[in-house]
Amino acid sequence: MPIDLQHDMKVPHRQSARARQDFVSSLRAYILNDMAAGMKSRYREAVEPRLSAQLGRPPATQDEVHAAMKGDLYFKFYSAVRYNAQEMVWRSVVPGIEASLPAMQAKAEALDGRAGGSLTLNPALELPANVTSVDVHLMPGVYAAPDTPAAGAVYDNGLAVFAAGFMGRDLNDIGMSMANYVRKRFPDFRPGNILDCGCTVGHNTLAWARTYPDATVHGIDVSSSVLRYAHARAGSLNIAAHFHQMDATHLAFPDASFDVVFSSMFLHELSVKDIKHFFAEAYRVLRPGGLLINMELPPNQSLEPYDQFYLDWDCYYNAEPFYRAFRDQDYAGLTKAGGFPADGFLQFTVPQYTYMDDDSFTEAVQRPPSIDGETGRLSATLQWFGFGAWKR
Amino acid sequence: MGLLPMEASGRRPAFFETPGMDQLLSMILELAAELSVVRERVFILEAVLERQGVTAADAIETYTPSAEESAALAQLRDDATANIFRTLNREHRPVTSEPL
């Protein structure tokens with residue numbers, strides 16, 4: 001089921017649109033659980049034995065798996081249905097948002113400055129090609145309408161359908177799980193200034209403010225539209241956060257100004273070159289003793305060829321051009337390239353914080369990371385993956 | 001309408017070799033969505049009529065299903081989805097034995 005947005009920036013959708021969202025969300029849950037399991041069985045039982053016989057050895061790369069799966073009818077249906085469902089996510093929310101544009105604009109203005117948050121836009125910022133040349137996630141006109149909160153609304157409403165119930169009631173389970181991992185795993189670490197990079201509508205930014213109520217929380221994104229929405233959304237939830245239109249590869253903050261630099265589902269939208277620039281910037285703006293922490297998909301080198309192929313589906317069919325190139329990297333190497341010490345590297349897996357009680361989560365974060373084909377992918381057995389590094 | 005785009009830029013991939021197959025699948029999915037929408041509407045209509053008579057249209061527009069009713073609706077959707085994709089389930093006859 002799509003979740004109902006829990007804040008005042010939500011727009012009314014007609015009943016027929018809500019029913020369509022229900023359908024698409026249930027369809028996505030079916031694809032990600034049932035069809036994904038069926039496709040994996042199909043691979044194990046039919047495709048892999050044939051492929052191994054052809055190669056004279058087990059398949060060694062995801063490209064071999066992908067090439068073989070392309071000829072399989074189950075894969076074609078899985079992919080075509082998933083692709084259509086992705087399109088239908090957006091189609092199910094756009095009409096309601098379109099009908100609410102003036103009301104949304106008025107609400108955003110009324111909420112401006114509430115809760116002590118702020119919005120700092122930079123109209124001179126040149127939007128990077130990774131957001132202007134492709135409609136990422138097949139989201140139509142992803143950064144269109146820069147003077148309105150429209151793109152933020154499409155993203156937020158779309159995510160509520162897309163998440164199919166896997167991202168928490170407030171769509172903030174990733175942020176809550178990451179922030180609480182830090183809180184539980186490093187109880188003596190008390191960050192005062194926290195930065196979320198590539199924050200879109202701030203859904204995970206605010207999780208840090210909830211987890212560390214005494215901290216000052218900032219979020220940056222290149223899109224003014226998602227930031228206008230994020231600012232209003234935070235105001236409506238009465239949480240203070242400071243949003244800035246800024247490129248993560250060129251941060252305008254002074255050296256040593258943050259204790260935490262965070263990102264979620266962000267690195268895979270960047271070229272490897274930009275990730276390295278971002279990490280170097282993160283290193284610069286962190287104080288000694290500060291932490292870079294990224295929620296992401298696990299690295300390909302930790303997965304079987306089939307699971308690599310499964311997760312990289314988005315790169316081939318969901319307008320995510322940098323997804324695989326990122327996942328092919330050695331994540332420790334990336335943080336090292338940004339200036340972080342090798343012994344400062346950390347990686348971990350965590351269960352979903354907002355779906356369990358505090359004690360069970362506390363116990364879970366003490367366990368060593370366990371990365372497999374279930375890690376980081378939306379499914380009923382989801383575990384989030386995170387990595388980063390301490391600045392000494 | 002028409003202020004916000006409904007479609008992403010770029011070409012849609014073809015997953016099937018047979019011309020029209022990809023479009024046909026989209027049609028089926030849209031049909032499935034339409035059917036689901038209608039089923040949900042009818043479900044709510046019946047619930048509304050049961051509760052308060054015949055002023056259905058406005059009442060439906062503002063109707064929010066209870067947790068129990070939402071669960072029933074979710075079940076309807078899951079049943080429909082299982083039907084639509086029954087040809088992919090291994091316990092049914094395969095559609096084709098396509099060699100690699």
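1. Two residues are taken to be in contact if their C-beta atoms, placed from the backbone, lie within 7 Å. The model discussed here is a predicted one, and with that meaning of contact in mind, the buried residues of helix H7 of chain A pack against helix H8 (205-211), strands E5 and E6, strand E7 (345-350), helix H15 (358-364) and strand E8 (384-390) of chain A.

2. Helix H7 of chain A itself covers residues 173-185, and since its 13 residues should span 18 Å at 1.5 Å a residue, the 17 Å between its end C-alpha atoms agrees with that expectation. Of these 13 residues, 10 are buried, so H7(A) is largely enclosed by the rest of the structure. The buried positions are A:Asp173, A:Ile174, A:Gly175, A:Met176, A:Ser177, A:Met178, A:Ala179, A:Asn180, A:Tyr181 and A:Val182.

3. A residue that links this helix to a strand is A:Phe262, which has its place in strand E5 of chain A and is in contact with A:Met178, among others. A:Phe262 counts as buried because 31 C-beta neighbours lie inside 10 Å. Its C-alpha atom is 9.2 Å from that of A:Ala179, although 83 residues separate the two in sequence. Apart from neighbours within four places in sequence, the contacts of A:Phe262 also include A:Ile194, A:Leu195, A:Asp196, A:Trp208 and A:Ile293.

4. Helix H10 of chain A, residues 272-285, has 14 residues and reaches 20 Å from its first C-alpha to its last, close to the 20 Å expected at 1.5 Å a residue. Its buried residues are A:Ile275, A:Phe278, A:Phe279, A:Glu281, A:Ala282, A:Tyr283 and A:Val285, and the elements that cover them include strand E2 (193-197), strand E5 (258-264), strand E6 (286-296), helix H13 (323-327) and helix H14 (331-337) of chain A.

5. Two loop residues deserve a look at their backbone angles. Most residues other than glycine have a negative phi. A:Thr200, in the loop between E2 and H8 of chain A, nevertheless has a positive phi of about 45° although it is not a glycine, and A:Met265, in the loop between E5 and H10 of chain A, has a positive phi near 50° and is likewise a residue other than glycine. As to their surroundings, A:Thr200 counts as buried, with 24 C-beta neighbours inside 10 Å, whereas A:Met265 is partly exposed, with 16 other C-beta atoms within 10 Å.

6. Turning to helix packing, the axes of helix H1 (residues 15-55) and helix H3 (residues 73-99) of chain A come within 9 Å and cross at roughly 160°. Angles over 145 degrees count as roughly antiparallel, and H1(A) and H3(A) are therefore roughly antiparallel to each other, with a left-handed crossing. Residues of H1(A) that make the contact include A:Ala17, A:Val24, A:Leu27, A:Ile31, A:Met35 and A:Arg42, while those of H3(A) include A:Phe75, A:Tyr78, A:Val81, A:Ala85, A:Met88 and A:Val93. By class, the residues of this contact divide into 15 nonpolar, 4 polar and 4 charged.

7. Helix H3 of chain A also packs on helix H6 of chain A, where the axes come within 9 Å and cross at roughly 135°. That angle makes H3(A) oblique to H6(A), and the crossing is right-handed. On the H3(A) side, A:Val89, A:Trp90, A:Ser92, A:Val93, A:Val94 and A:Ile97 meet A:Ala150, A:Ala153, A:Val154, A:Asn157, A:Gly158, A:Val161 and A:Phe162 of H6(A). This contact has 10 nonpolar and 3 polar residues, with no charged ones.

8. The helices of points 6 and 7 return at the interface between the chains. There, 40 residues of chain A are in contact with 35 residues of chain B, and the elements of chain A that give two or more residues to its side are H1, H3 and helix H6 (150-162). The largest share of that side, 14 residues, comes from H3(A). Sorted by class, the side of chain A that touches chain B has 25 nonpolar, 8 polar and 7 charged residues.

9. The partner, chain B, contains 3 helices and 0 strands, and its elements run α-α-α from the N terminus on. Of the 100 residues in chain B, buried ones make up 14%.

How values were computed. Residues numbered from 1 in each chain as written. Chains lettered and ligands numbered in written order. Predicted model: local features only at pLDDT ≥ 70, side-chain atom pairs only at ≥ 80, totals over all residues. Axes fitted to C-alpha atoms, helices over the stretch in contact; angles between N-to-C directions. Helix = DSSP H or I, 4+ residues; strand = E, 2+ residues; numbered from the N terminus. Parallel < 35°, antiparallel > 145°, perpendicular 65-115°, else oblique. Left-handed = near helix turned anticlockwise from the far one by under 90°. Nonpolar A, V, L, I, M, F, W, Y, C, P; charged D, E, K, R; others polar. Buried ≥ 20, exposed ≤ 12 C-beta atoms within 10 Å, placed from the backbone. Expected span 1.5 Å × (residues − 1).
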